[in-house]
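Got your viewer open? Let's take a walk through this model together, one selection at a time.

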Amino acid sequence: MTKEETAEQLSALKAQYSLYENRPFDLTIARGIPSTDQLKLSEALLNETPIKKWYSEDELDIRNYGGLFGIREARALFGQMMETSVDETFVGGNSSLQLMYATLNHFMFTADTPWSREEKVKFICPSPGYDRHWFMLDHMGIEMIPVELTGEGPDMEVVEKLVSQDPAVKGMFVVPTYNNPTGETVSDEVVEQLANMHTAAEDFIILWDNAYVVHHLNGVKEKAANLLEACKAAGSPDRVIQYVSTSKMTLPGAGVAAMGASEARIKELALEFSKQLISFDKINQMRHVLFLKDMETIEAHMEKHAEILAPKFEWIDAILSAYFSGDRSSFVSWTRPNGGYFVHLTTQNGCATEIVAKMKHIGIELTPANAAYPYGINPKDNSIRLAPSFARMDDLEIAMEALCICIELVTLEKNNEE
Ligand SMILES: Cc1ncc(COP(=O)(O)O)c(C=O)c1O
């Protein structure tokens with residue numbers, strides 16, 4: 001584009017943007033929560049799933065206290081999702097994040113050699129990642145070290161160097177299947193490397209947050225390999241703790257969460273929980289077992305979610321592909337995930353914050369720019385997460401059109417300055 005052409009295009013974009021300013025929207029594509037149509041898919045969980053027997057397979061009266069590890073049939077069902085045995089599976093309450101927090105809390109304060117007694121505790125944070133993981137670490141005073149994702153999981157050259165040299169590096173978070181927000185799945189090679197790498201800290205742990213393990217969007221079904229099995233084979237069976245939940249399968253906040261790990265780790269973490277509560281909600285565990293039944297039923301249920309979600313992801317890809325072609329193709333790149341809840345945009349350096357601010361100014365809320373980086377700090381300022389699940393299709397269309405205008409406007413202004 002010549003200078004004159006750029007100036008002309010900029011004034012056309014500014015005119016369009018001021019139209020938006022005059023009639024601001026009231027939309028959000030900020031957080032990855034299911035839409036009302038998706039919630040309806042699980043109404044039967046409450047209306048049509050009567051509990052006819054009050055005793056679980058392991059003879060726990062589900063109406064009463066007891067059974068801290070979860071009822072046997074729930075442990076078996078979540079074990080299928082995590083590829084763990086019943087003894088390697090702990091079924092908890094309504095949130096996997098709470099299980100992760102309790103795990104960190106245990107290692108920080110109540111483990112045999114609590115990390116809090118050490119001068120510094122550091123964690124590896126594959127980025128862009130899930131902001132709530134970073135909030136948790138920050139809250140505990142754990143120093144976060146960002147490591148770039150490669151499209152197949154974290155950059156293992158960097159990870160191996162960090163963990164082998166520094167005993168203060170105590171662990172890492174990984175979202176192995178359809179990462180939030182990049183949508184990538186950890187490759188088999190990276191799983192092997194994570195299991196086999198030498199760590200200077202003997203009590204190094206991997207929090208393997210498999211939140212999207214059954215959340216496919218199309219026919220391509222990705223799934224990270226079984227890290228627990230790889231760790232067992234490598235002689236480090238206690239290295240990994242896996243987490244899943246039904247938050248985005250049934251009803252978030254009213255679902256069931258579970259963890260999978262070596263039997264020894266499960267016992268250790270159960271002891272931690274035994275100091276917090278007597279038992280979780282076994283009635284809800286039973287209801288979920290009756291509703292979700294087995295992997296076949298889970299897959300059929302998740303296909304119904306995909307039918308609602310996939311058109312939103314297809315629309316985002318279609319509008320971005322149409323707008324950012326030719327001259328504009330270098331303005332932004334984006335992910336085309338096969339599952340999960342997010343599309344990640346990589347803008348030109350130094351543009352993301354301004355794009356998100358411009359969207360906010362016209363009444364469209366996005367996740368804060370660079371929130372997927374620890375401390376919200378991304379020196380490239382190029383990361384935007386789109387969470388299209390909750391928005392209605394017509395609202396999403398409006399939001400995406402405005403987003404294209406804002407990306408082009410900010411990018412051209414930035415390039416014009418330079
Ligand atoms: C990677 C990841 N883990 C965990 C959660 C929340 O899980 P839960 O509702 O089980 O606490 C989310 C929700 O967005 C997520 O993206």
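## Start with the whole chain

Select the entire protein chain: of its 418 residues, 45% are buried (a residue is buried if 20 or more other C-beta atoms, placed from the backbone, lie within 10 Å of its own, exposed if 12 or fewer, and partly exposed in between). What you see is a predicted model, where local features need pLDDT of at least 70, side-chain atom pairs count only at pLDDT 80 or more, and totals for chains, interfaces and linings use all residues. To find your way, note that residues are numbered from 1 along each chain as its sequence is written.

Switch to a cartoon view and you'll have 14 helices and 12 strands (DSSP runs numbered from the N terminus: helices are H or I with at least four residues, strands are E with at least two). The C-alpha atoms fill a box of roughly 75 × 55 × 35 Å along the principal axes.

## Colour the two domains

Now give 3-30 + 299-417 one colour for domain 1, and 54-293 another for domain 2; these bounds come from an automatic or database domain assignment. The C-alpha centres of domain 1 and domain 2 lie 31 Å apart. Where they meet, 22 residues from domain 1 and 25 residues from domain 2 take part in the contact (two residues are in contact if their C-beta atoms, placed from the backbone, lie within 7 Å).

Which element gives the most to the side of domain 1 that touches domain 2? Select α12: it gives seven residues. Helix α12 (295-323) and strand β12 (383-386) are the elements that give two or more residues to that side.

## Zoom in on β7

Next, pick residues 240-245, strand β7, where six of six residues are buried. Are its faces covered or open? Both are covered, with V240, Q242 and V244 on one side and I241, Y243 and S245 on the other. In a regular strand the side chains alternate between the two faces of the sheet.

Add strand β6 (residues 205-209), which runs parallel to β7 and is joined to it by four bridges; two strands pair if DSSP finds at least two bridges between them. To spot one link, select L207, whose bridge partner in β7 is I241.

## Finish at the ligand

Last stop: show the ligand and the 13 residues around it, where S95, S96, L97, S245 and S247 come nearest (a residue is near a molecule or strand if its C-beta atom, placed from the backbone, lies within 6 Å of it). You already met S245 at β7, on the side with I241 and Y243.
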